[in-house]
Amino acid sequence: MEKASAILSHPPPSHGKLITVLSIDGGGIKGIIPGTLLSFLESELQRLDGENARLADYFDVITGTSTGGLVTAMITSPNENKRPLFAASQIVDFYLEHCPKIFPQIKTIFGDALGDVLENAKGVYAPKYDGKYLHKLIQEKLGNRRLNQTLTNVVIPTYDIKCLQPAIFSSYELKRNKKIEPPLLSDICIGTSAAPTYLPSHCFKTSTREYHLVDGGVAANNPALTAITEVTKEIKNGNSDFSRIGPAEQGDRFLLVSLGTGSSEKSHYDADKAKCWGILGWLMQPDFKCPLLDVLGEASSDMVDCHISTIFQALWSDDNYLRIQDDKLDSKLNSMDNATKENLRDLKKAGEALLKKRATKLNLDTGIHEPDERNITNEEALRRVAKRLSQERKERAVRSSGVQANPASAS
């Protein structure tokens with residue numbers, strides 16, 4: 001069998017048994033955590049199929065919000081050889097190198113106490129950071145690449161504050177509507193990462209629409225359900241890529257890997273005091289934290305996880321859904337923008353430690369993630385996913401070439 005990495009075309013789901021989806025949450029600098037997980041998953045695929053294997057070779061759609069949207073673009077944008085611009089192993093180093101310049105820390109100059117005050121006070125009247133370094137970096141890395149050029153389908157949520165509605169950038173939408181001008185990936189990434197109070201909103205025009213975008217986390221911090229919705233539309237509309245998949249069976253045909261960016265176990269806010277909050281209390285606390293933004297992000301991710309878990313468990317296909325989220329992240333690390341070198345290194349260590357932690361599954365009655373009854377680590381769970389992805393790709397390659405698959409290889 002030819003190595004998967006040597007087959008540049010990506011056979012559609014109609015030639016296989018599964019619809020493969022990778023989802024990456026938003027979370028600012030905490031993107032280091034899913035970056036670490038993705039590096040491990042890609043290394044496992046390389047172990048199975050050769051050193052040139054990349055994540056974009058195995059997933060039918062990759063979706064990401066905010067920092068996850070940036071990662072999505074990095075691993076699906078083509079280089080001059082029509083291969084991914086970034087290997088997954090480069091993601092963490094990218095964050096370590098550039099985050100201190102994207103989120104410059106005033107406290108490194110003035111000390112922690114005064115620095116925190118000065119740093120956060122700016123965010124009262126204007127975005128905390130001007131975004132200039134981030135915008136230039138994204139534009140330089142992604143260049144003139146457009147949404148229709150990605151190596152696999154992508155779905156990147158943003159939110160349009162002028163229309164007050166989500167703006168979903170989807171490869172599938174472009175295929176459905178040929179009149180839409182494909183936007184630049186750089187504009188999409190700048191838009192989906194424009195977290196309110198942290199970075200300025202991003203406005204741009206195409207020949208078909210004008211956009212006024214803020215962070216996609218406002219609408220879908222966990223974008224897994226958004227991607228599944230896009231795929232379901234394609235099945236309903238008769239997309240030939242899904243020709244062998246009927247509406248009744250689509251639910252148990254998904255293989256979904258969903259990666260979070262971590263959340264703190266300890267509550268950030270005093271519930272008794274929250275009873276008395278008005279507009280100012282919900283928007284700003286004495287330590288400059290914004291409870292409303294935190295609640296929206298956490299609630300969005302958790303509700304999507306709950307909904308998807310319910311569907312997969314109801315279909316007796318919960319082995320097809322892997323959600324990896326550190327919900328006991330040290331509170332010191334649970335910051336979108338604390339880009340000190342020490343904190344970034346600790347986030348990397350947290351990602352590495354998460355690989356060794358026991359995999360969990362959502363208890364639908366309590367809403368709490370509990371240890372998976374299979375008693376495996378997240379590392380082992382990703383290793384199993386890699387084997388399934390590799391097998392799926394090989395079977396698709398055989399079927400797309402018109403050769404009958406060997407039944408033994410499908411077992």
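A pocket here is an open set of grid points with protein on both sides within 12 Å along at least five of seven lines. With that in mind, here are some close-up views of this predicted model.

**View A. The second largest pocket holds about 320 Å³ of space.** Let's start with its walls: 17 residues line this pocket. Thr150, Thr152, Asn153, Lys175 and Asp241 are the ones nearest its centre. Which helix gives the most to the lining of the second largest pocket? Helix 7, made of residues 171-176, does so with four residues. Sorted by class, the lining of this pocket has seven nonpolar, six polar and four charged residues.

**View B. Three cavities of 30 Å³ or more turn up in the model, and the largest is shown here.** The largest cavity contains about 180 Å³ of space. Its lining is made of 17 residues, and Gly28, Thr67, Phe103, Leu134 and Ser193 lie nearest the centre. Helix 2 (67-76) and helix 3 each bring at least two residues to this lining. Helix 3 gives the most, with four residues. What classes do the lining residues of the largest cavity fall into? There are 12 nonpolar, four polar and one charged.

**View C. The second largest cavity encloses about 130 Å³ of space.** Look for Asp318, Tyr321, Arg323, Thr360 and Lys361, which lie nearest the centre of this cavity among its 15 lining residues. Helix 13 (291-314), strand 8 (321-324) and strand 9 (360-363) each supply at least two residues of the lining. How many residues of each class line the second largest cavity? The lining has five nonpolar, four polar and six charged residues.

**View D. Helix 1 packs against helix 3.** Helix 1 covers residues 32-49, and helix 3 covers residues 91-102. Their axes are 8 Å apart and meet at an angle of about 150°. Because of that angle, helix 1 is roughly antiparallel to helix 3; the cut-off for this word is an angle over 145 degrees. Where do the two helices meet? On the helix 1 side you will find Ile32, Gly35, Thr36 and Leu38, and on the helix 3 side Ile91, Val92, Tyr95 and Leu96. This contact has six nonpolar residues, two polar ones and no charged residues.

**View E. Proline 371 sits in strand 10.** Strand 10 runs over residues 368-371. Which residues does proline 371 touch, leaving out those up to four places away in sequence? The answer is Arg358, Ala359 and Thr360. Take alanine 359 as an example: 12 residues separate alanine 359 from proline 371 in sequence, and their C-alpha atoms are 6.0 Å apart in space. Thr360 may look familiar, as Thr360 was also named in View C, among the residues nearest the centre of the second largest cavity.

**View F. Confidence along the chain averages a pLDDT of 87.** Of the residues, 87% score at least 70. Where does the pLDDT drop below 50? One such stretch is residues 1-8, which has 19 contacts in the model beyond near neighbours in sequence. Another is residues 403-411, where the pLDDT is also below 50. Counted beyond near neighbours in sequence, residues 403-411 have nine contacts in the model.

Technical notes. Residues numbered from 1 in each chain as written. Predicted model: local features only at pLDDT ≥ 70, side-chain atom pairs only at ≥ 80, totals over all residues. Heavy atoms only, no water. 1 Å grid on protein atoms, 1.4 Å probe; cavity = no way out; pocket = protein on both sides within 12 Å on 5 of 7 lines; lining within 4 Å. Points joined across faces, edges and corners; volume = space filled by probe spheres on them. Nonpolar A, V, L, I, M, F, W, Y, C, P; charged D, E, K, R; others polar. pLDDT = per-residue confidence, 0-100. Contact = heavy atoms within 4.5 Å. Axes fitted to C-alpha atoms, helices over the stretch in contact; angles between N-to-C directions. Parallel < 35°, antiparallel > 145°, perpendicular 65-115°, else oblique.
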